[in-house]
Amino acid sequence: MLSSNDEVFLRRAVTIAGNGLFSARPNPRVGCVIAKNGRVIGEGWHVRAGDAHAEINALASASDSTVGADVYVSLEPCSHTGRTPPCVDALIEAGVARVITATTDPNPKVCGEGVSRLRASGIEVVVAESDFGAIELNSGFFKRMLTGRPQIRLKIAATLDGRTAAHDGSSRWITGAEARADVHRLRARSCAVVTGIGTVLADDPRLTARVDGTFAQPMRVIVQGRRRIPMDAQLFNEPGRIVLVQPESDYSHAALPDDVGVLVLSDEPESVNLEALIRFLSEQECNEVLLESGPTLSGAFLAQGLVDEIWVYQSAGLLGDRGRAMFELDGVNTISDQIALHLKEVTRMGEDLRLIYTPRGSS
């Protein structure tokens, strides 16, 4: 049972874990608070992969001796050597008395081992009954560790009548500045952004995240069929890795920039195997993947049950029945064929709404 002070400090650890929202990937976002005699003496969070973990940063910031202190961490301390040494060793050496964690780590290399090693050294360990939002903060990491698949978010900007572009193809701007800024934050937290060749040819997007702070741009993945991306596309002028996914290889690799790769994932002669694409993204340590595409690719992901969340930025506008629809869904002919959704969250953003849905029955 946690005391009121324990809950305050553990909530604080989860809150500061969010400081790594854009930069910690592919590692989980983790925060740590060290308290002694009811007073915080140190805190830290994991900034980026390869750098010190949250516990190490918190220990380094301590303003008093950590002997006998309580450590509050949003995720079970690691017990294995990866890019950095095990955090449990540092906590044991620091002489802390208690470690209170919001949740155990789903990574098979850790999962309970950190707790066991701390207890074996005589440190009291408490795993909270509530995770205080630590799992939601790392929902993609948890999904990849537990299922071998990244979390897929489908983002759509649409009018009140469900149109993503006008009859002439124009779509800038359907939503206002607040909604567009939120999309950049969504991109920044994602490991990869996936789109289709139709979107690239129609909109020539950059697909980069434009937010404050230092972070790596998400990998940009372009799914192609017969049509091919032009070499003067804007996204080639932006930093970051690009992967062109297609059902057959017909590129001269010498013609592509060094940071652009070609991945051949054939399902049929003219279509990409989306299941294979998901496996590839998981192998690339992608926790959260953002799908920003037109109605064909979005519909294909939905129809194959590959979408975990749908983020709809709905504007207070109307484009009429000649505008472009949100999805192409073959086989939906009657009401019983519909893909049922659960409304998870509604947030107002200026004159627009952000609606987050999950497909019913999804894990």
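In what order do the 9 strands of the open sheet lie? The order is S11-S10-S9-S8-S14-S6-S15-S18-S17, and the pairing is mixed. This is a predicted model.

**The sheet**

Two strands pair on one side only: S11 (260-264) and S17 (341-349). They are the edge strands. On average, neighbouring strands of this sheet are turned by 20 degrees against each other, direction ignored. Strands of a sheet pair through backbone hydrogen bonds, in either a parallel or an antiparallel way.

One pairing in this sheet joins S8 (residues 192-196) to S14 (residues 288-291). The two strands run parallel, with 3 bridges between them. Val193 has Leu290 of S14 as its bridge partner.

A helix covers part of the sheet's strands by contact: H9 (residues 274-283) packs on the sheet. Helix H9 touches S6 (151-158), S8, S9 (219-223), S10 (242-246), S11 and S14. The direction of H9 makes about 165 degrees with that of S9.

**A hairpin**

Strands S1 (residues 31-36) and S2 (residues 39-45) run antiparallel. They are joined by 6 bridges. Within this pair, Val33 has Glu43 of S2 as its bridge partner. S1 and S2 form a hairpin, with 2 residues between them. In the turn, Asn37 has a positive phi of about 55 degrees.

**Salt bridges**

How many salt bridges does the structure hold? There are 21. The table lists three of them.

| Pair | Closest N and O atoms |
|---|---|
| Arg39 and Asp64 | 3.6 Å |
| Arg189 and Glu288 | 2.8 Å |
| Arg354 and Glu345 | 2.5 Å |

Start with Arg39 and Asp64, which form a salt bridge. Arg39 lies in strand S2, while Asp64 lies in the loop between H2 (54-61) and S3 (70-73), so the pair ties together parts that are 25 residues apart in sequence. Arg39 counts as partly exposed because its relative accessibility is 44%. Asp64 is also partly exposed, with a relative accessible area of 37%.

Next come Arg189 and Glu288, another salt bridge. This pair links distant parts of the chain, 99 residues apart. Arg189 is in helix H7 (residues 177-189), and Glu288 is in strand S14. Why does Arg189 count as buried? Its relative accessibility is 15%, and buried means under 20%. Glu288 is buried too, with a relative accessible area of 2%.

The third pair is Arg354 and Glu345, whose side chains meet in a salt bridge. Is each partner buried or partly exposed? Arg354 counts as buried, at 11% relative accessibility. Glu345 is partly exposed, with a relative accessible area of 29%.

Some salt bridges share partners. Through them, Arg29, Glu136, Arg153, Arg189, Glu288, Glu309 and Lys344 are joined into one network. Arg189 and Glu288, the pair between H7 and S14, thus belong to that network.

**A nonpolar patch**

Which residues make the nonpolar surface patch of about 230 Å²? They are Leu343, Val346 and Leu353. Leu353 lies in strand S18 (residues 352-359). At 30% relative accessibility, Leu353 counts as partly exposed.

Note on methods:
Residues numbered from 1 in each chain as written. Predicted model: local features only at pLDDT ≥ 70, side-chain atom pairs only at ≥ 80, totals over all residues. Heavy atoms only, no water. Pairing = 2+ DSSP bridges. Helix = DSSP H or I, 4+ residues; strand = E, 2+ residues; numbered from the N terminus. Axes fitted to C-alpha atoms, helices over the stretch in contact; angles between N-to-C directions. Contact = heavy atoms within 4.5 Å. Patch = residues over 30% accessible without salt bridge, like charges linked within 9 Å, V, L, I, M, F, W, Y side chains within 5 Å. Areas by Shrake-Rupley, 256 points an atom, 1.4 Å probe, with all protein chains shown as cover. Salt bridge = Lys/Arg side-chain N within 4 Å of Asp/Glu carboxyl O. Buried < 20%, exposed > 50% of the residue type's maximum accessible area, 1.4 Å probe, protein only.
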